[in-house]
Amino acid sequence: MGISIQILVDADACPRVVKEMLFRVAERKQVMVTLVANAKLFIPDSPYIHFVLVGAGFDVADKEIVRLMQVGDLVITADIPLAADAIAKGGVALNPRGEFYTSANVQGALSMRNFMDELRGGGAMTGGPPAFSPRDRAAFANQLDRFLTKLSG
């Protein structure tokens, strides 16, 4: 028997290795995984994996994810405003590096993001995030497994 929540993925910026992990989890745990992106993606043929193609534009995929999600659903995203919206709607948000966003930490993360945007807007060179590492992959896999085990436990 599958898990009753669904996993929604902000797929445009999600690392391929994370998507591949989610494909395996979908089959093994029989949980629905829906990838949302504004460009066509390859997905395996599975009754548990779906793809939603959205139009180009600012936050179009994010808005579709929030529209599709239900209370308790898991959203995979590195986008902090999307994580905040998911939490506000009663969902759970996990970034691809294995960190859960919570009502306790998402506002601080959003404030830091906005501050960094202001610095970049003023010409400061802030750099981007570090490259996705094997440690990030392991952290994501561990957190996802703990989350799904709790649900099925």
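Which residues of helix α2 (residues 60–68) are buried? In this predicted model, they are A61, D62, E64, I65 and V66. These buried residues of α2 pack against β1, β2, β3, β4 and α3 (80–88). One of them, I65, is in contact with V9. Another, A61, belongs to a core of 10 residues, described below.

The nonpolar interior was examined next. In soluble globular proteins, nonpolar side chains tend to be buried together. Here the largest nonpolar core has 26 residues. Those with the most contacts inside this core are I7, V9, L22, L35, I76 and L144. Two or more residues come from each of β1 (6–10), α1, β2 (32–37), β3 (49–53), β4 (74–76) and α5. Helix α1 gives the most, with six residues. A second core, separate from the largest one, has 10 residues. Among them are V54, A61, V75 and A86.

V9 illustrates the contacts of a core residue. Neighbours within four places in sequence are left aside here. V9 then contacts C14, L22, V33, T34, L35, V36, I65 and I76. L22, L35 and I76 also rank among the residues with the most contacts inside the largest core.

Two of the helices that supply this core, α1 and α5, also pack against each other. Two packed helices are described by the angle between their axes and the distance between the axes. For α1 (residues 16–29) and α5 (residues 134–152), the angle is about 25° and the axes are 11 Å apart. Angles under 35 degrees count as roughly parallel, so α1 is roughly parallel to α5. Their crossing is right-handed. On the α1 side, the contact is made by V17, V18, M21, L22, R24, V25 and K29. On the α5 side, R137, F140, A141, L144, D145, L148 and T149 take part. The residues of this contact divide into nine nonpolar, one polar and four charged. L22 and L144 belong to this contact, and both are listed among the residues with the most contacts in the largest core.

A39 was considered last. This residue lies in the loop between β2 and β3. Is A39 buried, partly exposed or exposed? A39 is partly exposed, with a relative accessible area of 38%. Residues up to four places away in sequence aside, A39 touches D12, F51 and L53. A39 and V54 are 15 residues apart along the chain, and their C-alpha atoms are separated by 7.7 Å. V54 itself is part of the second core.

Key:
Residues are numbered from 1 along each chain as its sequence is written. This is a predicted model: local features need pLDDT of at least 70, side-chain atom pairs count only at pLDDT 80 or more; totals for chains, interfaces and linings use all residues. Side-chain values use heavy atoms; hydrogens and water are left out. Axes are lines fitted to C-alpha atoms, for helices over the stretch in contact, and angles run from 0 to 180 degrees between N-to-C directions. Helices (H or I, at least four residues) and strands (E, at least two) are DSSP runs, numbered from the N terminus. Angles under 35 degrees count as roughly parallel, over 145 as roughly antiparallel, 65 to 115 as roughly perpendicular and the rest as oblique. A crossing is left-handed if the near helix is turned anticlockwise from the far one by less than a right angle, and right-handed if clockwise. Contact means heavy atoms within 4.5 Å. Ala, Val, Leu, Ile, Met, Phe, Trp, Tyr, Cys and Pro count as nonpolar, Asp, Glu, Lys and Arg as charged, and the others, Gly among them, as polar. A nonpolar core is a set of buried Ala, Val, Leu, Ile, Met, Phe, Trp, Tyr and Cys residues joined through side-chain atoms within 4.5 Å. Buried means under 20% relative accessible area, exposed over 50%, partly exposed in between (1.4 Å probe, protein chains only).
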